[in-house]
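Please open the model in your viewer and keep the sequence beside it, since this tour moves from one selection to the next. At each stop there is something to select, followed by a short account of what is there.

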Amino acid sequence: MPLRIAGILLFFLLPLFQTLASEQNEAKQEMIFQANGIKYPTVNFVNTDLEKMANALTLRSKMYDPTKKGISLQVVPYAPMEPLKITLRAEKLSLQAILSFLERRYDVVSEYHPDKGLVLLYPTETRTARWFRRRQHLTLPENVQIAAKLDTVKYPRIRLFSATLTQTLELLNSNRSIQIVLKDPQERVLYREVDLDEDGASLRKVLDFIAWKHDLDYRIVDGKLILFPLERDYRQPLITVDQETGLLLQTIKIPRFSVENLPLQDVIKYLNQNIPLWSEAGKNISIAMESTPSSYTTVYNNYITIEEQNTTLHDLLLELCKRIPFRLWIEKDTVILLNYSDF
């Protein structure tokens with residue numbers, strides 16, 4: 001009898017639950033639509049705490065929201081993690097594009113609360129899980145003695161500006177307490193640049209910073225500390241978050257595109273100026289570039305020579321990526337050139 005009653009209740013309540021879920025989904029989609037409509041003319045964050053970035057975006061959201069309601073961003077910190085430092089430089093970027101970027105680049109998940117006009121930002125455990133695995137490894141009996149040196153070895157002064165990882169390890173190995181070896185057979189990270197300005201930093205702090213910033217990890221093997229890059233697919237140049245924009249890029253026909261020895265920043269400006277001329281449908285598309293502070297100037301000032309005829313904007317951007325190591329990140333109405341050294 002109780003089961004029969006429960007079944008009857010479920011029969012009547014299930015449509016109600018489905019309706020509530022549908023309404024919640026619709027409210028979330030409306031909020032995402034609102035976030036897409038909030039367009040920031042310029043976004044310029046360099047090594048900025050995620051919380052400070054969220055506050056700055058919140059303060060400006062009403063100004064650029066057509067509905068004038070704005071959206072509040074609030075960071076929910078995860079205790080074991082140090083505050084995330086975010087770098088993003090771009091023009092004409094929507095709030096939704098920024099939220100998607102934070103999730104894909106920094107593992108920050110967005111949780112929408114339409115009833116409060118609020119988005120909660122959660123730095124996820126994908127990065128902290130790595131931190132826990134490393135800590136567990138360092139506490140193994142055979143590693144404890146060497147691991148203890150990570151905290152006792154301190155550097156009175158470290159000044160690294162655009163130093164390669166190879167140069168950084170030469171400095172760290174000058175202490176001679178622990179031998180640090182970089183295992184990078186495919187030379188993925190040898191020339192990544194490190195910026196670090198610290199006084200009295202421990203070896204652990206320096207290594208954790210490098211690992212966090214450059215997608216590396218480290219383990220103790222045969223008495224040595226081995227630093228190695230995490231596995232990623234470096235062959236895929238295209239990250240299409242928004243299929244509609246991705247397809248639109250393929251429909252924008254370019255009769256002729258020719259630049260010779262032109263700085264990348266001018267190439268991007270030239271593209272943004274001409275996209276509306278090539279296609280009315282593409283008038284809202286903007287192209288920007290994101291890079292770390294250390295490599296930003298170097299990459300942005302690369303000189304480009306390229307000549308293409310009867311091509312599409314999609315193929316032209318892929319060709320550009322071949323000239324300089326970039327990936328294309330396609331968001332709603334936005335194409336961001338991501339420097340490979342940021343991965």
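A residue is called buried when its relative accessible area is under 20%, and exposed when that area is over 50%. With that cut-off in hand, select I336, which sits in strand 16, residues 334-339. Is I336 buried or exposed? Its relative accessibility is 0%, so I336 counts as buried. Now add A90 to the selection: 246 residues separate I336 from A90 in sequence, yet their C-alpha atoms are 8.1 Å apart in space.

Before going further, please bear in mind that this is a predicted model. Showing the whole protein as a cartoon, you can look for 11 helices and 16 strands. Of the 343 residues in the protein, 46% are buried. If you consider the contacts between residues at least 6 apart in sequence, 70% of them join residues at least 24 apart.

Next, select L73, L95, I98, L102 and L121, which are the residues with the most contacts inside the largest nonpolar core, a set of 33 residues. The elements that give this core two or more residues include helix 1 (2-37), strand 1 (39-49), helix 2 (50-64) and helix 3 (95-106). Helix 3 supplies the largest share, with 7 residues. Keep L121 highlighted and display what surrounds it: beyond its neighbours within four places in sequence, L121 is in contact with residues including L50, A54, L73, L99, L102 and V108. A second core, separate from this one, has 30 residues, among them I146, I180, V194 and L196.

Stay with the first of these regions and show helix 2 and helix 3 together. Their axes are 12 Å apart and the two helices pack at an angle of about 170°, which means that helix 2 is roughly antiparallel to helix 3. To see where they meet, select L50, M53 and L57 on helix 2, and L95, I98 and L102 on helix 3. The residues of this contact comprise 6 nonpolar ones, with no polar and no charged residues.

While helix 3 is still on display, select Q96, which also lies in helix 3. Because its relative accessibility is 9%, Q96 counts as buried. Which residues is Q96 in contact with, leaving aside its neighbours within four places in sequence? They are I32, A35, N36 and Y112.

The next stop is helix 7, residues 203-214, whose 12 residues reach 16 Å from the first C-alpha to the last, close to the 16 Å expected at 1.5 Å a residue. Colour its buried residues, which are L203, V206, L207, D208, I210, A211 and H214. Just after helix 7 comes D215, which has a positive phi, near 55°.

Finally, bring helix 5, residues 144-152, into view beside helix 7. The axes of helix 5 and helix 7 come within 5 Å and cross at roughly 90°, so helix 5 is roughly perpendicular to helix 7. Select A147, L150 and D151 from helix 5, together with L203, R204 and L207 from helix 7, and you have the residues that make the contact. How many of the residues in the contact of helix 5 with helix 7 are nonpolar, polar and charged? There are 4 nonpolar and 2 charged residues, and no polar ones.

Notes: Residues are numbered from 1 along each chain as its sequence is written. This is a predicted model: local features need pLDDT of at least 70, side-chain atom pairs count only at pLDDT 80 or more; totals for chains, interfaces and linings use all residues. Side-chain values use heavy atoms; hydrogens and water are left out. A nonpolar core is a set of buried Ala, Val, Leu, Ile, Met, Phe, Trp, Tyr and Cys residues joined through side-chain atoms within 4.5 Å. Buried means under 20% relative accessible area, exposed over 50%, partly exposed in between (1.4 Å probe, protein chains only). Helices (H or I, at least four residues) and strands (E, at least two) are DSSP runs, numbered from the N terminus. Contact means heavy atoms within 4.5 Å. The expected span of a helix is 1.5 Å times one less than its number of residues. Axes are lines fitted to C-alpha atoms, for helices over the stretch in contact, and angles run from 0 to 180 degrees between N-to-C directions. Angles under 35 degrees count as roughly parallel, over 145 as roughly antiparallel, 65 to 115 as roughly perpendicular and the rest as oblique. Ala, Val, Leu, Ile, Met, Phe, Trp, Tyr, Cys and Pro count as nonpolar, Asp, Glu, Lys and Arg as charged, and the others, Gly among them, as polar.
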